[in-house]
Amino acid sequence: MGVYTFVCRSSGGEWTAKQLKGELEAAAATPYELQRRLVAAASAADSAAGVQSSFAMVTPSSAVFQVTIGAVGGGAAIGGAAAGGAAAGGAATEAPKAEEKKEEEKEESEDDLGFSLFD
């Protein structure tokens, strides 16, 4: 599995990208075309199956692009993302249950004081 991180910049109507730690570079007229070229360059450098990428704008003229090659073992990247999302979703549903228990404990502790606002 290889992770390729690129710093992308726009200047004079052209987007350029340089690998953070490495020799890969690319240039294109649009951010989308730049991403396609960077994925192709990273895929050529690493022959493992499965490609995932992430593009994040930092400013209107700069961005960070990351390509992960071989992130999914033998399957489609879509299946891997769905499985990862399901695991993350499961963790997210457990958190509210813990909060509900805390709220119930607070209500009980108010009753233990021996008086109520509604008496």
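Read along the sequence, this chain goes β-β-β-α-β-β-α. That makes 5 strands and 2 helices. What you have in front of you is a predicted model, so please take everything I say as computed from that model.

Some totals for the chain. There are 119 residues, and 19% of them count as buried. The accessible surface is about 8300 Å², with carbon and sulfur atoms accounting for 54% of that area. If you take the contacts between residues at least 6 apart in sequence, 38% of them join residues at least 24 apart.

Now the strands, beginning with β1. Which strands does β1 pair with? One of them is β5: β1 covers residues 2-11, β5 covers residues 62-69, and 8 bridges join the two in an antiparallel arrangement. To find the register on your screen, look for Cys 8, which stands opposite Ala 63 in β5.

Another is β2, residues 14-19, also antiparallel to β1 and joined to it by 6 bridges. Here the pair to look for is Ser 10 and Trp 15, with Trp 15 on the β2 side. β1 and β2 make a hairpin, and 2 residues lie between them. Gly 12 sits in that turn and has a positive phi of about 65°.

Staying in β2, I want to point out Gln 19. Is Gln 19 buried or exposed? Its relative accessible area is 13%, and the cut-off for buried is under 20%, so Gln 19 counts as buried. What does Gln 19 touch, leaving aside neighbours within four places in sequence? The contacts are Tyr 4, Thr 5, Phe 6 and Leu 24. Of these, Tyr 4, Thr 5 and Phe 6 fall within the residue range of β1. The side chain of Gln 19 also has a polar atom 3.4 Å from the backbone oxygen of Lys 21.

Last, the charged residues. How many salt bridges does the structure hold? There is 1. It is formed by Arg 37 and Glu 33, and their closest N and O atoms are 3.3 Å apart. As a general point, side chains of opposite charge can pair when their charged atoms come close. Where are the two partners placed? Both are in helix α1, residues 31-45, and because they are 4 residues apart, about one helical turn separates them. Neither end of this pair is buried: Arg 37 is partly exposed at 41% relative accessibility, and Glu 33 is partly exposed at 29%.

That is the end of my part.

Conventions: Residues numbered from 1 in each chain as written. Predicted model: local features only at pLDDT ≥ 70, side-chain atom pairs only at ≥ 80, totals over all residues. Heavy atoms only, no water. Pairing = 2+ DSSP bridges. Salt bridge = Lys/Arg side-chain N within 4 Å of Asp/Glu carboxyl O. Buried < 20%, exposed > 50% of the residue type's maximum accessible area, 1.4 Å probe, protein only. Contact = heavy atoms within 4.5 Å. Areas by Shrake-Rupley, 256 points an atom, 1.4 Å probe, with all protein chains shown as cover. Polar contact = N/O pair within 3.5 Å; in protein donor to acceptor, adjacent residues only side chain to side chain.
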